[in-house]
Amino acid sequence: MNKLLKSPKVTIEQWRMLLAVVEHGSFAAAADHLLKSQSTVSYAMARLQEQLQVKVFEQKGRKAELTEAGQMVVRRARSLLADAQALEQAAQVLAAGWEPEIRIVVDAVFPQALLTAVLKRFAPESRDTRVELIENSLSGTQDAIIQGQADLALGGVLPTGFLSEPLCQIQFVAVAHPQHPLIQLGRHLEEADLKQHRQFVVRDSGSHRRLNEGWLGSEQRWTVSHFYQSAELLLAGLGYAFIPDHIAQPYLQTGDLVVLPVASGSTRDIPVRMVFSDRHNAGPALQRFAEIVREEGRGYLVS
């Protein structure tokens with residue numbers, strides 16, 4: 001018989017105990033966490049080392065520290081348990097039919113009208129699947145996928161290492177109140193002109209808040225939570241901002257806001273994309289939701 005087909009010597013439960021010991025620093029702490037006796041954990045780790053024929057731990061005082069070989073074993077154990085968990089989740093999805101819940105992270109740039117159209121089509125087909133919508137901006141959308149907080153992301157800034165699909169193009173436009181000093185200059189504006197005035201930018205909702213998309217370096221930057229909040233401040237004549245054209249258009253049509261006459265760069269096109277956190281194990285509800293997003297997003301050019 002092929003040796004690769006033999007049953008593994010170490011059980012999933014032993015691997016789980018190993019990671020508990022590593023994460024909690026001792027056999028006793030791991031036993032408390034797992035609600036097992038310390039002797040059970042100690043015996044399981046002794047058997048694991050015997051079965052692997054590798055010394056995984058070195059006892060230093062009350063702490064069990066990993067050997068160099070143990071560090072490699074632990075890295076593989078984490079991957080093994082993650083795969084096992086993913087397999088169980090996939091089996092649960094198949095057993096239950098449609099998922100009980102799908103989590104969608106939506107970047108602030110994503111057009112609300114498009115999202116509403118998608119949800120309107122999905123609702124009668126949803127089979128009681130709950131939909132959790134998570135709104136983020138900039139790297140917050142990345143974090144939600146990387147950290148497993150969402151099943152699908154719709155946005156402009158998406159994580160590397162994941163395959164994404166193009167959906168539509170969003171145009172950002174530089175706008176201000178008609179009485180703003182930049183408009184009163186009565187000429188084409190240069191970047192140096194813009195830097196002398198207050199600019200509103202949307203806060204990066206990521207855990208590290210590392211992106212400043214659209215900021216021109218103005219010392220008078222004000223950070224807001226949402227583009228609609230930015231629009232309210234623009235209407236008060238407090239500054240200027242680049243906001244999505246689909247948000248700006250109603251105000252431009254009434255004349256409450258006007259486009260800044262920037263010599264170059266008054267508009268910016270941002271591609272909006274879709275990415276799965278785990279396309280391979282996506283359930284039927286998530287797949288159907290994504291299919292509707294593709295259909296509704298096809299040819300949806302906001303400009």
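## Burial and a first salt bridge

A residue is called buried when its relative accessible area is under 20%, exposed when it is over 50%, and partly exposed in between. With 28% of its area accessible, Glu13 therefore falls into the partly exposed class. This is a good place to start a tour of what is a predicted model, since Glu13 has a salt-bridge partner in Arg16, with the closest N and O atoms 2.9 Å apart. Arg16 is partly exposed too, at 37% relative accessible area.

Both residues belong to helix α1, and because they are three residues apart, about one helical turn separates them. An α-helix has 3.6 residues a turn, so residues three or four places apart point the same way.

## The chain as a whole

Stepping back, the chain contains 11 helices and 12 strands. Of its 303 residues, 43% are buried. Among contacts with a separation of 6 or more, 71% are between residues 24 or more positions apart. The exposed area of the chain comes to about 16800 Å², and carbon and sulfur atoms contribute 51% of that.

## Two helices, α1 and α11

Helix α1 covers residues 12-24, which is 13 residues; at 1.5 Å a residue it should span 18 Å, and its end C-alpha atoms are indeed 18 Å apart. Its buried residues are Gln14, Trp15, Met17, Leu18, Leu19, Ala20 and Val21. Just after the helix comes Gly25, with a positive phi of about 90 degrees.

Helix α11 (residues 284-297) passes the same check: its 14 residues should span 20 Å at 1.5 Å a residue, and the end C-alpha atoms are 20 Å apart, which agrees. Buried here are Ala285, Leu286, Arg288, Phe289, Ala290, Ile292, Val293 and Gly297. What lies over these buried residues? The cover includes β3, α5, β5 (152-155), β6 (164-176) and β11 (267-276).

## Aromatic pairs

There are five aromatic pairs in the whole structure. In one of them, the ring centres of Phe27 and Phe57 are 5.7 Å apart with the planes at 85 degrees, so this pair is edge-to-face. Phe27 is in helix α2 (residues 27-34) and Phe57 in strand β1 (residues 57-60), so the pair ties together parts 30 residues apart in sequence. Both Phe27 and Phe57 are buried.

A stacked arrangement is found for Trp98 and Phe122, because their planes are at 15 degrees, with the ring centres 6.3 Å apart. This pair also links distant parts of the chain, 24 residues apart: Trp98 is in the loop between α4 (68-96) and β3 (101-107), while Phe122 is in helix α5 (residues 112-122). Trp98 counts as buried at 16% relative accessibility, and Phe122 is buried at 1%. Together with Phe289, Trp98 and Phe122 make up one aromatic cluster; Phe289 is one of the buried residues of α11.

## Charges over rings

Which residue lies over the face of Trp222? It is Arg198, 4.3 Å from the ring centre. In another case, Arg268 places its charged end over the ring of Phe242, at 4.0 Å from the centre.

## A threonine next to β2

Thr67 is in the loop between β2 (63-66) and α4. Its relative accessibility is 11%, so Thr67 counts as buried. Leaving aside residues up to four places away in sequence, it touches Lys55, Val56, Phe57 and Glu58. Phe57 is thus a contact of Thr67 as well as the edge-to-face partner of Phe27.

## Salt bridges across the chain

The structure has 14 salt bridges. One joins Arg288 to Glu125, with the closest N and O atoms 2.6 Å apart. It links parts of the chain 163 residues apart, Arg288 being in helix α11 and Glu125 in the loop between α5 and β4 (130-136). Arg288 is buried at 16% relative accessible area, whereas Glu125, at 30%, is partly exposed.

Another bridge pairs Glu165 with Arg279, with a closest N and O distance of 3.1 Å. Glu165 lies in strand β6 and Arg279 in the loop between β11 and α11, so the pair ties together parts 114 residues apart in sequence. Glu165 is buried at 16%, while Arg279 is partly exposed at 38%. Elsewhere, salt bridges with shared partners join Glu13, Arg16 and Lys36 into one network.

Technical notes. Residues numbered from 1 in each chain as written. Predicted model: local features only at pLDDT ≥ 70, side-chain atom pairs only at ≥ 80, totals over all residues. Heavy atoms only, no water. Phe/Tyr/Trp six-rings, centres within 6.5 Å; stacked < 30°, edge-to-face > 60°. Helix = DSSP H or I, 4+ residues; strand = E, 2+ residues; numbered from the N terminus. Buried < 20%, exposed > 50% of the residue type's maximum accessible area, 1.4 Å probe, protein only. Lys NZ or Arg CZ within 6 Å of the ring centre and 35° of its normal. Contact = heavy atoms within 4.5 Å. Expected span 1.5 Å × (residues − 1). Areas by Shrake-Rupley, 256 points an atom, 1.4 Å probe, with all protein chains shown as cover. Salt bridge = Lys/Arg side-chain N within 4 Å of Asp/Glu carboxyl O.
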